[in-house]
Every structure is written in C-alpha cells, then in structure tokens.
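Colleague: Please select one part of this structure and examine it closely for a reader who has not seen it before. I should then like to learn how the rest is arranged around it.

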Amino acid sequence: MEVLANLATGFGHLFTPVNFLVLWVGLVLGMLVAVLPGLTLVMGVVLALPFTYKMGVSPALILLTAMYVSGTYGGAITAILFRIPGEPMDVPLLWDGYEMTRRGEAALALGWSLVAALFGGLVSAVVMVLLSKPVAGLALAFSTPEFFAIVFFGLASVVTLSGSSLVNSLISLCLGLLIATVGVDSIYGAERFTFGEPFLQDGIEFLLVMVGAYGIGEVLTRMSTGFAGEAGEAGGGAARFRTAFPTLAQMLGMKATFARGTATGIVVGVVPGAGATVSAFVAYGLESQYGKNRDKLGKGSAEGIVAAKSAATASVGGALVPLLAMGIPGSGATAIILAAFLLHGIQPGPQVFVSSPDLVYTVFATVFLGVVGMCILGFFAIRPLCKVLEAPEAIVSAFVVVFCFVGAFAARNNLSDLYVISAFGVLGYLFERFDFPIAPLVLGTILGPLAETNFMTTMVSFDNDWTIFFRRPLSGGILFLAFAGLAWPLVRATLKRVRAAREAHARAA
Amino acid sequence: MPKTLRLVLPHGLMLLASVFLYWAASRIEADTGGGHRIGPDAWPKAIIVFMGLLCAWEIAKRLFLNARADLHGVVGGLAREAEGEAGAPAFQLGKLLAGIALVFGYVIAVPYLGFFVGTAAFLAVFPWFGGLRRPVLSTVCGVIGSLALVVMFMRVAYISLPLGEGPFEQLSIWLLAAIGVS
C-alpha cells in the first residue's frame, strides 16, 4: 500500500504543468535522437544534460528519464521502414522487421514493435517499483566488502557482456579505473597522476570522459568513414507511414516470446553496464535457440521483433533499479541520470528512498507515463520522425560537437575541460578504430572511486586481509559470480574447440 | 608500416603507457601512519600491473599464436554478424585529421572569438570538411544555428559562455543585450 501511495505522489508531481511539459519534451527529444543520423541515445541524453543544470531536480530527472525511455523506441521505426538502425539495439530488427517491410507488411511490423515496447516497458516498470525498495533495504545492510563485491561484479559484467575482445575490454576497463584515480585521493589526501597541473588536482570528471569518448569520439569515427548523404530512401511512399496492430489471438500466441524478451530485458538491464543493446541481442539469441518458430527467425518473423523490442524497452526499468537502490548505473544513459542526481547534490542509493522518496517515485512515474507516451508518439509521429532522416549528417554532427562542448564547459565553467573532452574524443575514436570498447572505459571511470574507496576501507578495517572479500558469504558469492562470468567466454571457447575437434575426429573416422 | 608492427602497435603503446604510469605511481607520496597499511599507490599500481600484463599477453598472442583465436564477450557473435552484414566503410585519414583539427581549433578559438562567432564559424566550416559541399546551406545553418544556441543556452538555460575578446566581446555583449540578457 505504501508503494502505491508513494507512486500516486510521484504521478502527482508529474502532472504539474511544468513537469508534464518537460516529460513530453523529453519523449520527443528521445525519439529524435534515436532517429537522427549520427546521434545515439546515450549521446542525446549527454547533450540534454547542460539544460538541466539550472532546472529543479525533478524536471531534470523527468527530462532525462523520458529521453531514455523513448530513445529505446525511435530507432525501431527507421530500422523497420528503411533498414537504418537508429541505435545498435535496433540491429536485430533489420533481420525480421525490414524483411516484413519487403513483404509489404511494414504496418504490421511496426504494430508488433509498438506492442512489444509497451508490454516490455510497463512490465519492467512494475518490476522496477516492486524491486527497488527491497534491493535498497538489502543494500543498507551491506558493509564495504559487499559494496566492493557488487561494484566488482558490475565492472566484470561490462567486460563479460561486451561484444569486443575480452582482453581489450579489460584494458579499457583498467584505463577507466586509472582515470578515476587522477587527482587528490580521498583517504590519504595524496596527489596522484597530476603531473604538476593544477586543473588535474580536482580529478577528471566522468562526465568529460563520457561526453568526449561517446560524443566527440563518435563524430570523429563517422567523419573518418564519411558522413551519410542526404535524404537517402527515406522519402518512401506515404502508405508505409502507418501502424497496424496484431490481433489479441496473435499476441496470445506469442506470449512466451513476450515473457522471454521482457524477462531478459529486466535481468540484463539490472546488471550494471549492460543496457538496451545487450538486452536486445541476448533476447534475440535466446529466441533463436528456444523460440517456437526459431527456424523462421531472421526471415521476417514477428517473434524476432517482439523478442528484441520487448527486451530493449524492459531494460530501462531494470537499469534504473541498481541506480536508484545502490547508486550504481546500469547503462550509459543511467550513468548520465546519475550525473544529474549528483549535480543537484543528491547521491542515489539506499538513503535516497528515505531522504527523497518523492523524487524516486517521480522517476518511477516518469517511466510508466513515458512508456505510454512513447507508444502514442510512435503511433502518431512516424511521418515527421521519418522526415528527420533527411537532415544531413555532417550538419547534425557539427551541432553534436557544439552541444558536447557546452555540456562540458557549463558544468564547471572551466576552459581546460574543453581540452580534456577533445582529448577523450580522440581517445574514443582510437578505441573505436582498434576495437577497444568504450563502455568499460566509461563505467570504470564512474565506478572506479566507489570500488577503490570500498576496497581501501575494507583493507584498512580488516588489517590488509584480502581474504575477507571471499570469507564473507555475500561478498564471496557475488565475487564468485563475477569471476565465473569472466571465465565463461574462456570456457565457452574451449567447449567449442573440443566439440569441433570431436566432430572432425568423427568425420575422419 | 610493417604488418607485424601494425598488429601490435595499439597494445605496444598501451604497454609503454603502463610502464610510464607505474613510474608515476611510484612517485606518489603519502603518510600511511606506519605499520603495514597499504598506501594510495596500491590501487593504481595493481591496476597498472594488470593492464601491462594484459597488453604483454595480447602482444605475445598476436606475434606468436593465432591472432584470430580471440575471446569475445557473450554478445560478440551476434554483434559481429550484424557488422559483417553492414560491411566496413572506407577509412579516410584526411577527413579524420581535418575533424580533429577543427575540434581543437574550435576549443582554441572560442575564448577569443566568443561563443556566437566561434560557433557560427565552426558550424559553417565543419560540414564542408565532412563532405557536404553546400556552402550556402552550411553558412545559413551556422549563423542561424549559432544564434539559436545563444538564445537557448544563455537566455533560456542561463549558461555563461565565453564572450570573446576585443571587438568580438563587444559583438557578444550587443547580441546578448538584443536578446534580453543583461
């Protein structure tokens, strides 16, 4: 009952004129960044951050959360209609959504996508509300070894779930953790890696790493391979710009796919560092292995759309759980929402449920209403959203660079920060070019201080006895899971090799 | 550049960076209060050593073992399938260098030119180097876009941005007065 009362208060906050307007602005912006060439969801949320500096904390969080929610949908439209994935998470939609379009079933493909997003989003929102407080309560009982284990698990999962080389992911993570150590350390007050530069004494803000590596780095990557031209085939026939919903019987026939996709999205979303893209790929992979119509997947099957889309949207609710309950962001976008919290002097975590329950439940209400609003926009705004595709990518990218600079500059009014983000932009480009993933770098920078503080405090409290991390049941269990996750790619590769050798042996015999 | 060198260059550079950073970490000074308490250098040193070992392993693997036998995260297979389908676009070094030069040029120029002029120039020039050969469109987008950004950031979001120096500062002040920012 208390949860429902708090949620009602959250909705009450959301329905004030300013907040309601901000919600819709966020939803529209989220859709736009997901559709616009050269912009990704994370970049879009990064670019919106400077506008929240002077806002109150509620509208700031509503804006960013609404963008996060609707940003998971916009790219589906262009993926299905034009074979242009607005976001990496929409790539699985090319395999089935665009195939349906080629068969003349574009409207139905959009309908399945919309229904999947609505279902996944609303179910994950319910789970988020039910799960957050108990998780926060559990986190209150944690001591420093458990917190270190949780952060370590988050960092390990970023590496495990990455699509890049495991070694490169680990190197990227190490670099992120090292960047987080720059400045005056919080326990001894010692200067580390400042090289006599005064501006490095305050450390390197993770926001600068994020804006530089994601924003500027992405622009440089796209520039080095040539920006897309104008319009493309986005002019398409007017008949394509509509949505046709599947029947209830059709939807019930696919209930297992809805359930699998949504559950995958929530679970993967909760894992720090995973996010919508990983959720969509994992759900699609599961569907291709366990789905009723797995043989038809990749050939214009609605199951492929439902699995990927429900998982991508469901990951939003999942990713907000560790952020709100423990202060650990579950994805790139939630890392920026964390930044918005911190900029307004609020540390998300178990205490925030006691100190600012209104704020937490306003975020929850934003997810509920955001999912519904996203679907309304997705239904009615297909035509204008597709027109956005005609914007030349070179011009959009120039604006992205300017937004990145303003975002970085406005946080501290420090011109040195502009050089820092430019340098991280070049680093982000080099990472992209040499197949080093950026997510571990960014997550390492964000979670590094938390990991170090909890590690050092534990070592000081327990007389440098590192075995304490493994001797306490909870931290030991979490660390076991983390190491098992890290070892899994190695085990999988070994099993594959053994199986291949056995098959080759059998063929030879 | 020889193929072998190209193969190990990124990890070789990271290994060199690890050595340098370990040296820098060794110079961290702090009073740990005696005893066996670990100091502020312990955490970064542990990470640097791990990073160096990873780089050394990757270099050895690329030089002496089959480089293709690479371990990937759990979504690696599907992601690479998608990439393979899209095909790798051609790399253009000139455009990349121009992009980097423009980004740093913008950072250097804005304190002197002010946000409005610097941004208008950047927005007008960047698309040209990005391959959009429509100077009129770029210039119009640059001027109108920069003006819109000034209004958005300085009038609506109240963000204080560089005004520039000399005549550019005068221009910025005049512009701000015109849009109602005192």
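Modeller: The buried residues of helix α12 of chain A pack against three helices of chain A, namely α7 (106-140), α13 (275-290) and α14 (302-326). This is a predicted model, in which local features need pLDDT of at least 70 and side-chain atom pairs count only at pLDDT 80 or more, while totals for chains, interfaces and linings use all residues. Residues are numbered from 1 along each chain as its sequence is written, and chains are lettered from A and ligands numbered from 1 in the order in which they are written.

Helix α12(A) covers residues 255-270; helices (H or I, at least four residues) and strands (E, at least two) are DSSP runs numbered from the N terminus. The 16 residues of α12(A) should span 22 Å at 1.5 Å a residue, and the end C-alpha atoms are 23 Å apart, which agrees; the expected span is 1.5 Å times one less than the number of residues. Because 12 of its 16 residues are buried, α12(A) is largely enclosed by the rest of the structure. A residue is buried if 20 or more other C-beta atoms, placed from the backbone, lie within 10 Å of its own, exposed if 12 or fewer, and partly exposed in between. Among the buried residues of α12(A) are A:F258, A:R260, A:I266 and A:V270.

The chain around this helix has 23 helices and two strands. Buried residues make up 62% of the 509 residues in chain A. A compact globule with 509 residues would have a radius of gyration near 23 Å, and chain A agrees with 23 Å; the radius is taken over C-alpha atoms, and the globule rule is 2.2 Å times the number of residues to the power 0.38. The C-alpha atoms of chain A fill a box of roughly 70 × 65 × 55 Å along the principal axes. Of the contacts in chain A with a separation of 6 or more, 79% join residues 24 or more positions apart; two residues are in contact if their C-beta atoms, placed from the backbone, lie within 7 Å.

The loop between α21 and α22 (468-471) of chain A contains A:D463 and A:N464. Although not a glycine, A:D463 has a positive phi near 55 degrees, and A:N464, also not a glycine, has a positive phi of about 60 degrees. A:D463 is exposed, with 10 other C-beta atoms within 10 Å, whereas A:N464 is partly exposed, with 14.

Chain B has six helices and zero strands, and 34% of its 182 residues are buried. Its helix α2 (residues 42-64) reaches 32 Å from first to last C-alpha, close to the 33 Å expected. The buried residues of α2(B) include B:W43, B:M51 and B:E58. These buried residues of α2(B) pack against α9 (166-179), β2 (191-192) and α21 (438-461) of chain A, together with α1 (3-26) of chain B.

Altogether, 63 residues of chain B are in contact with 69 residues of chain A. On the side of chain B that touches chain A, α4(B) gives the most, with 13 residues. The residues of that side divide into 44 nonpolar, 14 polar and five charged; Ala, Val, Leu, Ile, Met, Phe, Trp, Tyr, Cys and Pro count as nonpolar, Asp, Glu, Lys and Arg as charged, and the others, Gly among them, as polar.
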